[in-house]
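Colleague: Could you walk me through this structure? I have not seen it before, and I would like to ask questions as they come up.

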Amino acid sequence: MSRAFADPFAEYELPEPYRPSAFAWRAGMQLAGVDEVGRGPLVGAVVTAAVVLDPARPIDGLADSKKLTPARRERLAVAIRERALGWALGRAEHHEIDELNIYHATHLAMVRAVEALATRVDAVLVDGNRSPVFACPAEAVVKGDGRVPAIAAASILAKVARDAEMVALHRRYPLYGFDRHKGYPTAQHLSALREHGPLAEHRRSFAPVAACFDVIHPTAREPGFD
């Protein structure tokens, strides 16, 4: 069977087309690419996305979201939402990360994204070195956001969604600088944690946050945080 007939990404010019080992390409296959954003930050949810691209409507410029400017990500996110056969977001909240740990919470969020898709999914490719268990064949792809167009699309949607959440959190708590560092443990963020204490949205199980609980921000006592 020719690549053009079976490969769901045949319309994309890839330096090294990916070949899965857990399943085989077949004509008409609807494949979901899955990626996450937010494993490293000290605050907020880990956000995931699942995207099933339409072979008849390829999208130019798909790439690892970290290599794109914010403006370019926003433009591509609009194109992905308009042209994909299906897309969905998933998430695991800060308290779920604390309960499960970031690894298991990320996999939970990935499963939620795939389950939220309104279109058929025949197989899943996940960015990373391990894949969650889905209801269909799945495979992890190391550096997949640079090798598989559907994963790149998922990375863009997840990044745009989570960045927007951090900008919204900044509007509520401007002293922490979330609009700039997006919750990652930068010098500015760590300094704000030491001075003002953790928020309810901070991940208590992360060491830099746990170390600052002698300074408690009032929101950390909101109902439901404990």
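Colleague: Is Gly-177 buried or exposed?

Modeller: Gly-177 is buried, with a relative accessibility of 0%. Please keep in mind that this is a predicted model.

Colleague: Where along the chain is Gly-177 found?

Modeller: Gly-177 lies in the loop that runs between helix H5 (149-172) and helix H6 (178-181).

Colleague: Which residues does Gly-177 touch, not counting those up to four places away in sequence?

Modeller: Gly-177 touches His-170 and Gln-188.

Colleague: And how far is Gly-177 from Phe-134?

Modeller: Their C-alpha atoms are separated by 37 Å, and the two residues are 43 residues apart along the chain.

Colleague: Let us take another glycine. Is Gly-28 buried or exposed?

Modeller: Gly-28 is exposed, because its relative accessible area is 60% and the cut-off for exposed is over 50%. Gly-28 is found in the loop between helix H1 (3-6) and strand E1.

Colleague: What is Gly-28 in contact with, leaving aside neighbours within four places in sequence?

Modeller: Gly-28 is in contact with Arg-120 and Asp-122. As for Pro-55, the C-alpha atoms of Gly-28 and Pro-55 are 9.3 Å apart in space, with their positions 27 residues apart in sequence.

Colleague: You mentioned a strand. What is the order of strands in the sheet?

Modeller: The order is E3-E2-E1-E4-E5, in an open sheet of five strands with mixed pairing. Strand E3 (86-92) and strand E5 (138-141) are at the edges; each has a single partner strand, so one side of each has no neighbour in the sheet. From one strand to the next, the twist averages 20°.

Colleague: Which helix packs on the sheet?

Modeller: Helix H4 (residues 102-115) packs on the sheet and touches E1, E2, E3 and strand E4 (123-127). The direction of H4 makes about 35° with that of E2.

Colleague: Mixed pairing, then. Which way do E1 and E2 run, parallel or antiparallel?

Modeller: Strand E1 (residues 31-37) and strand E2 (residues 46-52) run antiparallel, joined by six bridges. Within that pair, Val-37 has Val-47 in E2 as its bridge partner, and Asp-35 stands opposite Ala-49 in E2.

Colleague: How many bridges join E2 to E3?

Modeller: Seven bridges join E2 to E3, and these strands run antiparallel. Ala-49 appears again here, since it stands opposite Leu-89 in E3.

Colleague: And on the other side of E1, do E1 and E4 run parallel or antiparallel?

Modeller: E1 and E4 run parallel, with four bridges joining them. The bridge partner of Gly-33 in E4 is Leu-125, and that of Val-34 is Val-126. E4 in turn pairs with E5 in the parallel sense over four bridges, where Val-124 has Ala-138 in E5 as its bridge partner.

Colleague: How many residues of E1 are buried?

Modeller: Seven of the seven residues of E1 are buried, so E1 is largely enclosed by the rest of the structure. Leu-31, Gly-33, Asp-35 and Val-37 point one way, while Ala-32, Val-34 and Glu-36 point the other way. In a regular strand, side chains alternate between the two faces of the sheet.

Colleague: What about the faces of E4, covered or uncovered?

Modeller: Both faces of E4 are covered. Ala-123, Leu-125 and Asp-127 are buried on one side, and Val-124 and Val-126 are buried on the other.

Colleague: Which residues form the uncovered face of E3?

Modeller: Trp-87, Leu-89 and Arg-91 form the uncovered face. The covered face of E3 consists of Gly-86, Ala-88, Gly-90 and Ala-92.

Colleague: A change of topic. How many cavities of 30 Å³ or more are there?

Modeller: The count comes to one cavity of 30 Å³ or more. The largest cavity has a volume of about 30 Å³.

Colleague: Which residues line the largest cavity?

Modeller: The lining consists of Pro-8, Phe-9, Met-29, Leu-31, Val-52, Leu-53 and Pro-55.

Colleague: Lastly, how many disulfides does the structure hold?

Modeller: The structure holds zero disulfides. Cys-136 is buried, with a relative accessible area of 18%, and Cys-212 is buried, with a relative accessible area of 8%.

Methods:
Residues numbered from 1 in each chain as written. Predicted model: local features only at pLDDT ≥ 70, side-chain atom pairs only at ≥ 80, totals over all residues. Heavy atoms only, no water. Disulfide = S-S within 2.5 Å. Buried < 20%, exposed > 50% of the residue type's maximum accessible area, 1.4 Å probe, protein only. Pairing = 2+ DSSP bridges. Helix = DSSP H or I, 4+ residues; strand = E, 2+ residues; numbered from the N terminus. Axes fitted to C-alpha atoms, helices over the stretch in contact; angles between N-to-C directions. Contact = heavy atoms within 4.5 Å. 1 Å grid on protein atoms, 1.4 Å probe; cavity = no way out; pocket = protein on both sides within 12 Å on 5 of 7 lines; lining within 4 Å. Points joined across faces, edges and corners; volume = space filled by probe spheres on them.
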